[in-house]
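Here is a short walk through a model, for reading with the structure open beside you. It goes from the packing inside to the chain interface and on to the charged side chains.

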2 protein chains.
Amino acid sequence: MKLTILGCYAATPRTLTNPTAQVLEIKNHVFLIDCGEATQVQLRKSKIKFSKIEHIFISHLHGDHVYGLIGLVSTFMLLNRTADLHIYGPKGIKEIITLQLRLSNSWTSYGLFFHELESAESQVVFEDDKVLVKTIPLKHRIYTNGFLFEEKIGEKKLNPYAMQQYQIPVYHFQNIKNGKDITLEDGTVLANSLLAFEPNPPKSYAFCSDTVYDESIVPYIKGVDVLYHESTFLESEAELATKTMHSTARQAATVARLAGVKQLVLGHYSTRYDRIERFRDEALAEFPEVLLANDGETFNF
Amino acid sequence: MKLTILGCYAATPRTLTNPTAQVLEIKNHVFLIDCGEATQVQLRKSKIKFSKIEHIFISHLHGDHVYGLIGLVSTFMLLNRTADLHIYGPKGIKEIITLQLRLSNSWTSYGLFFHELESAESQVVFEDDKVLVKTIPLKHRIYTNGFLFEEKIGEKKLNPYAMQQYQIPVYHFQNIKNGKDITLEDGTVLANSLLAFEPNPPKSYAFCSDTVYDESIVPYIKGVDVLYHESTFLESEAELATKTMHSTARQAATVARLAGVKQLVLGHYSTRYDRIERFRDEALAEFPEVLLANDGETFNF
């Protein structure tokens, strides 16, 4: 599981900082999460192939999370994309994009599918045989969702030594991967535990931005491997955080602790602070495993 | 008259090139012309004060000329702007911006005025005592206007030596600036030419992007000091230029020659070419005074 931070600063794009966008590579997917202005430039800088992106998840319709979407949709068109593109985001996102395409007399060369969200409950928005994506209802100034990305448990792995030792015929392999015991032609029964290794433990990533401090998200993100939780402010601005429905670094860490996640990644920093290390320092008082997102950085989990 | 090129490349923003946007400082105005994605970042890099921009002129609704507008409008809001902002552009531009503001539950702290254009004829879109701005109807794939910015002839300038020599009373000054002869108390009539210098010749700037080669614009831009004319392609791609309703460098230079302008600035380059100097080389065969726009560059005229 690989996470590339394209932008992790709050509010407007600036000379050296970018608004929210990140790419999660999980199993065979390259998921784009949020798409602030000039995300396409950040994608180019990160050398991520545009054509690999087939699913874009938008948390909410504040500009620093979505103003780069129309540009990316248009650029896909200029690049003669043919593969379908799926966009998951709040109701209204379809109108924003299609209005601009219509007024510029531009139509996509590829299938463009909108999956508009308006439920206040968590729902599955994407699923295939390897990955499941669910919304995490967040509390912000406008309708907002986080997203939980979960790998599914894979098949067991054949133990090659056991295959050889017991001369297992190939037609048994899939059953063994599926966890079944098998019976040889001479009637010998072999327990699955002799023949296969456990699959890799499935990984999970939760993206929670933007949100006020809210313990009600804990059940959705319980025990995830990696939690990205916004920390727009430090505790010194706790009142402002509440008023603007953002979180402090300490609050993000408290959520991480309550949910028992393995690692916390902080981001969505206000640009008022001189050093982002101050966010980590504050969070460490509540939770030990804290990483700082920064534009252009990649994390392998 | 000062022109700052924020972006002058066609199509999508890339790591090192930006879509169309430029700032014209003329008299006391700071006019923004077109607003491709991430124009606000280019403005920051150019150290142009956001608060000085009160009028934005949008040529057409293709993304590389307008996708940065909503971000700029939003950032003005975050900066607590109070001064009115006027946007001049094709019909539909108001809906694009207000839809996005409405869906993000964001409203401007300042007066936001749209002046939607749909006429196929040239029209005056802005005028005060110092400057006049008119549209230049262009032929492109969608409804498009260029813009002609003209300084008005200013007042004459008092000749300080003459004021002293003839002991001219202060109450005559404005009449002299207005070009009148004056009569002293002893009955002496002094010709205006003795008392005042001619005003600075008014300057003019024509912005023509995007457009196919079109001689019908010549009357609108006759004799301007500076013509910015798009040159997306070189002559080797003349067919493609016609098909996509863009111009070649040579065609831009031909228009400059026919209109008898003083200087031609080329821009809106396709990124397919290795060196932009090739555009100047081609244009010089038709017209001698050719400048190349480049992102971040400033010209003083």
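Beyond its neighbours within four places in sequence, I56(B) is in contact with L32(B), L69(B), L72(B), F76(B), L85(B), H86(B), I87(B) and Y88(B). Please keep in mind that this is a predicted model. I56(B) also belongs to the largest nonpolar core, which has 64 residues. The residues with the most contacts inside that core are I56(B), L69(A), L69(B) and I87(B). Two of the contacts of I56(B) are thus familiar names, L69(B) and I87(B).

F76(B), another contact of I56(B), has a charged partner. The charged end of R81(B) sits over the ring of F76(B), 4.5 Å from the ring centre. R81(B) also lies over the face of Y110(B), with 5.4 Å to the ring centre.

**Aromatic pairs**

Over all chains, the whole structure holds 28 aromatic pairs. One of them is formed by F57(A) and Y88(A), which are stacked, with 4.6 Å from centre to centre and 10° between the planes. This pair links distant parts of the chain: F57(A) is in strand β4 (residues 53–57) of chain A and Y88(A) in strand β5 (residues 85–90) of chain A, 31 residues apart. Are these two rings buried or exposed? F57(A) is buried, at a relative accessible area of 0%, and Y88(A) is buried as well, at 2%.

A pair in chain B has another geometry. Y269(B) and F279(B) have ring centres 4.8 Å apart and planes at 45°, so they count as tilted. Y269(B) lies in the loop between β16 (263–267) and α11 (277–283) of chain B, whereas F279(B) is in helix α11 of chain B, 10 residues apart. Y269(B) counts as buried, with 0% relative accessibility, and F279(B) is also buried at 0%.

Back in chain A, the stacked pair is part of a wider group. Ring pairs join F57(A) and Y88(A) with F31(A), F126(A), F147(A), F149(A) and Y205(A) in a cluster.

**Where the chains meet**

At the interface, 33 residues of chain A are in contact with 33 residues of chain B. About 2,800 Å² of area is buried between chain A and chain B, and carbon and sulfur atoms give 62% of this. On the side of chain A, E37(A), Y67(A) and L103(A) lose the most area to chain B, together 22% of what that side buries. How many salt bridges are there between chain A and chain B? The count is zero.

**A buried loop residue and an enclosed helix**

T211(B) lies in the loop between β14 (204–208) and α8 (218–221) of chain B. T211(B) is nevertheless buried, with a relative accessible area of 0%. Apart from neighbours within four places in sequence, T211(B) is in contact with L138(B), K139(B), H140(B), H229(B), E230(B), M245(B), H246(B) and S247(B).

Why can helix α10 (residues 249–259) of chain B be called largely enclosed by the rest of the structure? Eight of its 11 residues are buried, which is the reason for that description. The buried residues are A249(B), Q251(B), A252(B), A253(B), T254(B), V255(B), A256(B) and A259(B). Their cover includes α8, β15 (226–230), β16 and α11 of chain B. After α10(B) comes G260(B), with a positive phi near 60°.

**Salt bridges**

Over all chains, the count comes to 16 salt bridges. Three of them are shown here.

| Salt bridge | Closest N to O distance |
|---|---|
| E286(A) and R257(A) | 2.9 Å |
| D274(A) and R278(A) | 3.1 Å |
| R250(B) and E286(B) | 3.1 Å |

In chain B, R250(B) is in helix α10 and E286(B) in the loop between α11 and β17 (290–292), 36 residues apart. R250(B) is partly exposed at 33% relative accessible area, while E286(B) counts as buried at 18%.

In chain A, E286(A) is buried, with a relative accessible area of 18%, and R257(A) is partly exposed, with 41%. These two residues and R250(A) are linked in a network of salt bridges. As for the remaining pair in the table, D274(A) is exposed at 60% relative accessibility, and R278(A) is partly exposed at 32%.

Terms used:
Residues numbered from 1 in each chain as written. Chains lettered and ligands numbered in written order. Predicted model: local features only at pLDDT ≥ 70, side-chain atom pairs only at ≥ 80, totals over all residues. Heavy atoms only, no water. Core = buried A, V, L, I, M, F, W, Y, C linked by side-chain atoms within 4.5 Å. Buried < 20%, exposed > 50% of the residue type's maximum accessible area, 1.4 Å probe, protein only. Contact = heavy atoms within 4.5 Å. Phe/Tyr/Trp six-rings, centres within 6.5 Å; stacked < 30°, edge-to-face > 60°. Helix = DSSP H or I, 4+ residues; strand = E, 2+ residues; numbered from the N terminus. Lys NZ or Arg CZ within 6 Å of the ring centre and 35° of its normal. Buried area = accessible area lost by both parts, 1.4 Å probe. Salt bridge = Lys/Arg side-chain N within 4 Å of Asp/Glu carboxyl O.
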